[in-house]
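User: I should like a close look at one part of this assembly. Please describe how one chain meets its neighbours and how far the prediction may be relied upon there.

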Amino acid sequence: MIYWKSFSDFLAMGGYGFYVWGSFGVTALIMLIEPIVAIRNQKTLIARLKRQLRAEARADQRNTAV
Amino acid sequence: MKDRFNLYRFASPATFYPLAGRLIPWFTALAVIFGLAGLWIGMLVAPTDFQQGEGYRIIFIHVPASWMSMFIYLVMAFWAAIGLAFNTRLSGMMAQALAPTGALMAFISLWTGALWGKPMWGAWWVWDARLTSELILLFLYIGYMALTAAIDDVRRADKAGGLMLLVGVVNVPIIYFSVKWWNTLHQGSSINLTKSSMATTMLWGMLLMALCFWMYSIAVALVRARSIMLERERHTDWAKALLTGDEK
Amino acid sequence: MLKIVTAVISRDLKLAMRRQADIVSALFFFIIVVSLFPLGIGPEPDLLRKLAPGVLWVAALLATMLSLPRLFADDHRDGTLEQLALSPYPLGLVVTGKVIAHWLVSGLPLALIAPVLGIQFDLSVDALLVLTGAILLGTPALSGIGAIGAALTLGLRGGGVLLSLLVLPLYIPVLIFGAGAVDATVAGLGGEGHLSLLAALTFASLGFAPWATAAALKIALE
């Protein structure tokens with residue numbers, strides 16, 4: 001089934017290794033980094049909104065106490 | 001009447017946010033499964049191309065990325081049209097959530113195109129009609145993102161961005177054909193891609209990779225859409241309930 | 001209907017005449033950019049003749065960009081634009097008038113000075129005529145498409161740079177056919193085909209752009 005005879009054969013890609021792996025490597029990197037960045041942005045956003053909400057709640061409490 | 005009501009309910013951020021949250025793992029899983037299957041077939045099983053050698057294997061990401069970059073732009077324009085016609089809140093958010101992924105797909109397409117072009121055509125970059133149009137598509141993505149980022153008022157950002165998308169969609173075919181025509185005038189057909197008939201295994205590999213890219217784009221866009229939604233709706237009851245609910 | 005267009009044109013022209021320095025500086029920008037190229041690439045006439053159409057057209061695109069941010073900004077600042085939007089006339093017609101006025105003060109001068117600059121590049125008389133015709137035919141499209149960008153970026157910080165980011169990619173077909181017409185004439189193929197396509201682009205964008213611009217202005221004024 002598998003076309004390649006050896007692993008080094010697979011890496012060499014018939015002399016096109018640099019081009020093929022350069023393409024796949026950068027694509028894989030982008031497709032790893034993009035979701036990580038998106039999820040991290042979401043986490044910092046949620047944390048920020050929670051902080052704001054708590055601050056607003058505290059301000060409301062102070063206002064009603066006075 | 002009942003259908004209308006359901007549609008509106010579905011389009012409201014309060015229902016869409018949790019729904020998207022439940023869907024993201026599924027799309028991620030599908031992306032991984034399709035990706036592994038596509039890579040298995042494309043990289044391990046598929047035979048070599050008799051004209052291009054092993055270098056042709058770049059096709060398994062180059063073509064799906066190019067398709068996605070164009071498809072995402074069309075989907076964004078579709079959302080823009082809906083948003084401008086029916087004044088829906090969700091459509092602008094979807095368009096903005098999709099834009100970075102579309103731009104990255106255009107970049108991947110250009111990057112892999114360059115790495116493919118070097119061994120096949122002997123140059124990193126040729127002014128081929130498809131490459132040039134892809135570059136212009138990247139410019140259009142960047143223009144859209146810059147425009148929406150520059151406008152503070154989200155309603156105006158959505159509408160202005162939407163209008164820009166529609167203008168772009170009208171122009172893309174004109175740009176493509178003018179570039180194609182310009183290219184044939186200047187270069188002849190010397191750099192046409194060899195149209196070797198594709199083996200079925202290759203076709204399967206490419207199809208699976210395209211599905212992988214598709215699922216991936218949906219998953220990332222949904223993550224981003226949820227962020228945009230939460231930020232814009234932070235003063236509504238559902239968002240507050242969600243934010244305080246998590247704390248306990 | 002036509003009266004509102006001519007009224008807007010004459011008003012904008014009057015305003016532009018009060019600020020002639022703007023027109024002149026855009027024109028000199030065009031002249032300077034074009035004159036810089038031979039200094040950068042060398043004085044060989046063959047090379048210059050080959051580069052002339054592209055250089056002149058790219059410089060014309062950039063020179064048009066210069067005056068675009070002002071297209072609606074002044075009217076926006078003093079409230080005229082809102083009055084025009086509230087007037088019973090369709091905003092698209094008002095925009096058509098403004099686009100034509102913009103072309104008269106930005107595109108037309110470029111077309112008139114272009115043959116003189118073409119001589120610097122050793123272009124033949126035929127090529128100079130086609131160049132003038134192409135710039136005359138193509139620059140209205142630039143004003144029209146540019147108006148959409150000007151309306152979208154109205155009142156935004158960094159509007160000028162953003163405007164070029166949005167509009168320059170959309171100018172590509174005009175650039176291709178405009179420069180192509182001169183190229184084809186230089187090569188002895190005749191530029192009629194390019195010129196007719198350029199005319200088609202101009203008519204299409206003059207029909208379509210004012211309405212898109214009006215929609216963008218309404219979004220900006222909301």
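Analyst: The following account takes chain B, its contacts with its neighbours and the confidence assigned to it. The model is a predicted one.

Toward chain C, 22 residues of chain B are in contact with 21 residues of chain C. On the chain B side, the elements that contribute two or more residues are α5 (129-150) and α6 (154-187). Of these, α6(B) gives the most, with 13 residues. By character, this side of chain B comprises 17 nonpolar, 3 polar and 2 charged residues.

Chain B also meets chain A through a pair of helices. The axes of α2 (residues 17-65) of chain A and α7 (residues 200-232) of chain B come within 10 Å and cross at roughly 15 degrees. Because angles under 35 degrees count as roughly parallel, α2(A) is roughly parallel to α7(B). Their crossing is left-handed. From α2(A), the residues making the contact include A:M31, A:P35, A:I39 and A:L45; from α7(B), they include B:Y216, B:V220, B:R224 and B:L230. The residues of this helix contact divide into 11 nonpolar, 3 polar and 4 charged.

As to confidence, chain B has a mean pLDDT of 84, with 88% of its residues at 70 or more. Among the elements of chain B, helix α3 (residues 59-86) has the highest mean pLDDT, 92, whereas helix α1 (residues 2-11) has the lowest, 55. Over residues 188-192 of chain B, pLDDT stays under 50; for this stretch the model has 3 contacts beyond four places in sequence.

Definitions and conventions. Residues are numbered from 1 along each chain as its sequence is written. Chains are lettered from A and ligands numbered from 1 in the order in which they are written. This is a predicted model: local features need pLDDT of at least 70, side-chain atom pairs count only at pLDDT 80 or more; totals for chains, interfaces and linings use all residues. Two residues are in contact if their C-beta atoms, placed from the backbone, lie within 7 Å. Helices (H or I, at least four residues) and strands (E, at least two) are DSSP runs, numbered from the N terminus. Ala, Val, Leu, Ile, Met, Phe, Trp, Tyr, Cys and Pro count as nonpolar, Asp, Glu, Lys and Arg as charged, and the others, Gly among them, as polar. Axes are lines fitted to C-alpha atoms, for helices over the stretch in contact, and angles run from 0 to 180 degrees between N-to-C directions. Angles under 35 degrees count as roughly parallel, over 145 as roughly antiparallel, 65 to 115 as roughly perpendicular and the rest as oblique. A crossing is left-handed if the near helix is turned anticlockwise from the far one by less than a right angle, and right-handed if clockwise. pLDDT is the predictor's confidence in each residue, from 0 to 100.
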